[in-house]
Amino acid sequence: MYTSKIQIFAALSLVLCTASANAADIEIKMLDKSEAGGMLTFEPGFVKANVNDTLVFIPTNKGHNSSSLLVPAKAESWKGPYDKEFRVKLEKEGVYLYVCDSHKPMGMVGVVQIGKAVNLEDAKGKAAEESAKMIMNKDRFTKALEQVK
Ligand SMILES: [Cu+2]
């Protein structure tokens, strides 16, 4: 009886430890129109996550993809397919900027912060450069970057 309780406790501890060590999946929808009324959006447009978490882009509406625009030093860039669920694991700390290739001019963009924002100044510079070329939603990058802490 005593032994079995210990065994159960040991098994339970193992389960809990495994769970806390697991990285998270974070879903980001690709939308024509958000519930708040914004056109052509990633939702959420800003995500703060941990090293080794995975972004999961969901093709809720058709005609969108996800491509990295700026990644921290030594991090891998990505270019996701259109109209398919796409997963990208982020293994380096810093700020990531990404866009929908078709709708970058319309400000279909997003920002991810992994751990410390070690490259925030670079990200702000790139975002300002790209935002200047947009024809709508020019403030999306700025508003997302304001949430970086
Ligand atoms: Cu798009």
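Start at Pro-44. Pro-44 sits in the loop between β2 and β3, with β3 covering 46-49. Look at the peptide bond leading into that residue, from Glu-43 to Pro-44. This bond is cis, with omega near 0 degrees. Most peptide bonds are trans. One thing to keep in mind throughout: this is a predicted model.

Now step back along the chain from Pro-44. Glu-43 has a bridge partner, and that partner is Lys-29. There is another facing pair here: Leu-31 stands opposite Thr-41 in β2. So much for single pairs. How many bridges join β1 to β2? Four, and the two strands run antiparallel. Together β1 and β2 make a hairpin, with five residues between them. The turn contains Gly-37, whose phi is positive, about 105 degrees.

Next, the sheet. The hairpin strands belong to an open sheet of four strands. Read across, the order is β2-β1-β4-β6. The pairing is mixed. Which strands stand at the edges? They are β2 and β6. Each has a single partner strand, so one side of each is left without a neighbour in the sheet. From one strand to the next, the twist averages 15 degrees.

Stay with the edge strand β6. This strand spans residues 86-89, and Lys-89 lies in it. Is Lys-89 buried or exposed? Partly exposed, because 13 other C-beta atoms lie within 10 Å; the buried class needs 20 or more. Lys-89 also reaches back to a much earlier part of the chain. Asp-53 is 36 residues away in sequence, yet the C-alpha to C-alpha distance is 5.8 Å. Leaving aside neighbours within four places in sequence, Lys-89 is in contact with Asn-52 and Thr-54.

Before β6 comes a loop, and two of its residues deserve a stop. Most residues other than glycine have a negative phi. Lys-74, in the loop between β5 and β6, has a positive phi, near 70 degrees. Lys-74 is exposed, because just 8 other C-beta atoms lie within 10 Å. The second is Asp-83, also found in the loop between β5 and β6. Asp-83 is not a glycine either, and its phi is positive at about 60 degrees. Asp-83 counts as partly exposed, because 13 other C-beta atoms lie within 10 Å.

Last, the inside. In soluble globular proteins, nonpolar side chains tend to be buried together. Here the largest nonpolar core has 27 residues. Which of them touch the most other members? Tyr-96, Leu-97 and Val-112. Many elements feed this core. Those supplying at least two residues each include the strands β1 (25-33), β2 (39-43), β4 (54-58) and β5 (67-70). Further along, β7 (94-99) and β8 (109-114) do so too. The helices α2 (120-131) and α3 (140-145) also supply at least two each. The largest share comes from β7, with five residues.

Take Val-112 as a close-up. Leaving aside neighbours within four places in sequence, Val-112 is in contact with Val-47, Ala-49, Leu-55, Leu-90 and Tyr-96. Tyr-96 is also one of the three core residues that touch the most other members.

Definitions and conventions: Residues numbered from 1 in each chain as written. Predicted model: local features only at pLDDT ≥ 70, side-chain atom pairs only at ≥ 80, totals over all residues. Core = buried A, V, L, I, M, F, W, Y, C linked by C-beta atoms within 7 Å. Buried ≥ 20, exposed ≤ 12 C-beta atoms within 10 Å, placed from the backbone. Contact = placed C-beta atoms within 7 Å. Pairing = 2+ DSSP bridges. Axes fitted to C-alpha atoms, helices over the stretch in contact; angles between N-to-C directions.
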